[in-house]
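Take a look at the model below before reading on. The walk goes from the whole chain down to single residues.

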Amino acid sequence: MSKSPTISFIGAGNMASAIIGGMLDSGFRAADIWVSAPDDDHLQSIRKRFGVSVTTENRYCAQQADVVILAVKPQVMADVCRDIAPVVQNTRPLMISIAAGLEAATLDSWLGGGLPLVRVMPNTPSLVGKGAAGLFANKQVTEQQRQTAESVFSSIGTALWVADEDQLHAVTALSGSGPAYFFLMLEALEEAATAAGIEASTARQLAIQTMAGAAEMAARSEHDPAQLKRNVMSPGGTTERAIQSFEDGGLRQLVGKAYRAACERSEEMARELAGKS
Ligand SMILES: NC(=O)C1=CN([C@@H]2O[C@H](COP(=O)(O)OP(=O)(O)OC[C@H]3O[C@@H](n4cnc5c(N)ncnc54)[C@H](OP(=O)(O)O)[C@@H]3O)[C@@H](O)[C@H]2O)C=CC1
Ligand SMILES: O=C(O)[C@@H]1CCC=N1
């Protein structure tokens with residue numbers, strides 16, 4: 001069997017932690033993972049939590065790797081890429097970026113050009129093995145490298161390739177930002193239930209279990225969500241009243257508006273960041 005790839009994360013924030021946690025739970029070895037970031041105290045907490053190797057030197061981190069995962073904010077990506085470019089031009093690892101709205105061509109130019117690069121839009125539930133990620137590969141990526149990228153992200157949830165890079169904007173607005181939409185729904189339900197007199201921890205547990213149960217049913221059922229919704233709505237009953245209230249209040253249009261706002265921001269970020277090259 002071939003050796004497992006060494007995977008280096010540049011950036012040690014929410015998403016890097018979520019992906020590393022999910023990878024380790026699914027059988028990747030801590031000994032094969034490096035992480036770099038500027039703050040040594042934070043890195044030491046990552047080392048203690050996951051048992052991975054850490055360094056404050058991005059170049060050193062990148063040099064160890066068969067796969068480099070760029071997990072910094074889009075706004076600092078240009079500086080990070082330009083700094084590690086001489087190293088990765090020499091070692092030619094598979095580069096993976098998880099940054100929102102940062103196009104492959106822009107990243108590639110910052111990295112010195114011609115490198116195999118996969119763009120991934122993951123999400124934070126990766127931490128619990130329930131991630132949802134869209135992936136796009138540039139032309140330099142080999143079949144084996146595609147499989148490597150897919151093996152990382154399918155180890156922490158659902159990983160689906162998109163044929164056209166532009167579709168990553170739509171993925172970002174759906175599953176990248178999506179967990180926050182559902183957390184907002186949880187917050188609102190919890191607030192409403194506590195205002196009606198239910199104890200806060202009871203409200204939270206029931207709301208979370210309801211969301212998890214509904215998601216699991218939607219995943220397993222042969223029916224579409226509209227039918228599953230109708231199945232809850234007894235004629236003249238409580239759900240019908242609540243759903244009518246959502247529809248009258250324009251929830252459907254509001255979700256569409258929020259979704260398009262996220263898409264547009266992703267496209268806007270791509271334009272802003274490409275302008276930095
Ligand atoms: N959060 C999410 O749900 C999702 C985020 N993404 C993308 O993931 C990327 C990271 O986001 P997220 O994890 O939320 O952000 P965080 O701010 O949580 O993490 C960013 C990390 O980068 C580190 N960092 C900052 N500057 C440098 C540098 N020069 N060299 C190395 N590391 C550096 C930060 O260190 P320090 O804190 O010490 O400054 C921090 O560890 C972004 O590009 C985002 O678009 C994609 C999908 C979902
Ligand atoms: O809000 C953001 O920009 C990032 C990308 C998707 C989720 N978080």
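What follows moves from overall layout to ligands, and then to selected residues.

This is a predicted model. Start with the overall frame. The C-alpha atoms of the protein chain fill a box of roughly 70 × 40 × 35 Å along the principal axes. The secondary structure comes to 12 helices and 8 strands. Of the 277 residues, 35% count as buried. Consider next the contacts between residues at least 6 apart in sequence. Of these, 68% join residues at least 24 apart.

The chain is divided into two parts, domain 1 (7-164) and domain 2 (178-267). Their C-alpha centres lie 33 Å apart.

The UniProt record gives its own divisions. An unreviewed entry places "domain: Pyrroline-5-carboxylate reductase catalytic N-terminal" on residues 6-101. In the model, that span is 49% helix and 20% strand. The C-alpha atoms at its ends lie 26 Å apart. A further annotation from an unreviewed entry, "domain: Pyrroline-5-carboxylate reductase dimerisation", covers residues 165-269. Here the chain is 83% helix and 0% strand. The end C-alpha atoms of residues 165-269 are 14 Å apart.

Now to the interior. The largest nonpolar core has 64 residues. Those with the most contacts inside it are V35, V68, L70, I96 and V118. Take V118 as an example. Leaving aside neighbours within four places in sequence, V118 is in contact with L94, I96, L135, F136, A137, V141 and A149. I96 thus appears both in V118's contacts and in the list of core residues with the most contacts.

Turn to the ligands. Ligand 1 is surrounded by 27 residues, and the closest are G11, G13, M15, A99 and A100. Helices supply part of this shell: α1 (14-25) and α4 are the elements that give two or more residues to it. By class, the shell around ligand 1 divides into 16 nonpolar, 9 polar and 2 charged residues.

Ligand 2 has a shell of A100, T172, G176 and S177. By class, that is 1 nonpolar, 3 polar and no charged residues. A100 belongs to the shell of ligand 2 and is also among the closest residues to ligand 1.

One position carries a record of its own. UniProt, in an unreviewed entry, lists N58 under "binding site". N58 is found in helix α3 (residues 58-63). Is N58 buried or exposed? It counts as buried, because N58 has 23 C-beta neighbours inside 10 Å and the cut-off for burial is 20 or more. Not counting residues up to four places away in sequence, N58 touches I10, S36, V80, D83 and I84.

F50 offers a contrasting case. The residue lies in helix α2 (residues 40-50). F50 has 18 C-beta neighbours inside 10 Å, so it counts as partly exposed. Beyond its neighbours within four places in sequence, F50 is in contact with I20, G21, L24 and A30. I20, G21 and L24 carry numbers inside the range of α1 (14-25). S17 is a further reference point: F50 and S17 are 33 residues apart in sequence and 8.8 Å apart in space, C-alpha to C-alpha.

Next come two loop residues at either end of α4. K73 is found in the loop between β4 (67-70) and α4. K73 has 13 other C-beta atoms within 10 Å, so it is partly exposed. From K73 to A137 the separation is 64 residues in sequence and 20 Å in space, C-alpha to C-alpha.

R92 lies in the loop between α4 (74-91) and β5 (94-97). Its backbone deserves a look. Most residues other than glycine have a negative phi. R92 is not a glycine, yet its phi is positive, about 50°. R92 is exposed because it has 12 other C-beta atoms within 10 Å.

Finish with helix α11 (residues 238-248). How many of its 11 residues are buried? The number is 0, so α11 lies largely in the open. G250 follows α11 and has a positive phi, near 80°.

How values were computed
Residues numbered from 1 in each chain as written. Chains lettered and ligands numbered in written order. Predicted model: local features only at pLDDT ≥ 70, side-chain atom pairs only at ≥ 80, totals over all residues. Near = placed C-beta within 6 Å. Nonpolar A, V, L, I, M, F, W, Y, C, P; charged D, E, K, R; others polar. UniProt positions renumbered as here; feature names shortened; annotations may be inferred. Helix = DSSP H or I, 4+ residues; strand = E, 2+ residues; numbered from the N terminus. Contact = placed C-beta atoms within 7 Å. Core = buried A, V, L, I, M, F, W, Y, C linked by C-beta atoms within 7 Å. Domains from an automatic or database assignment.
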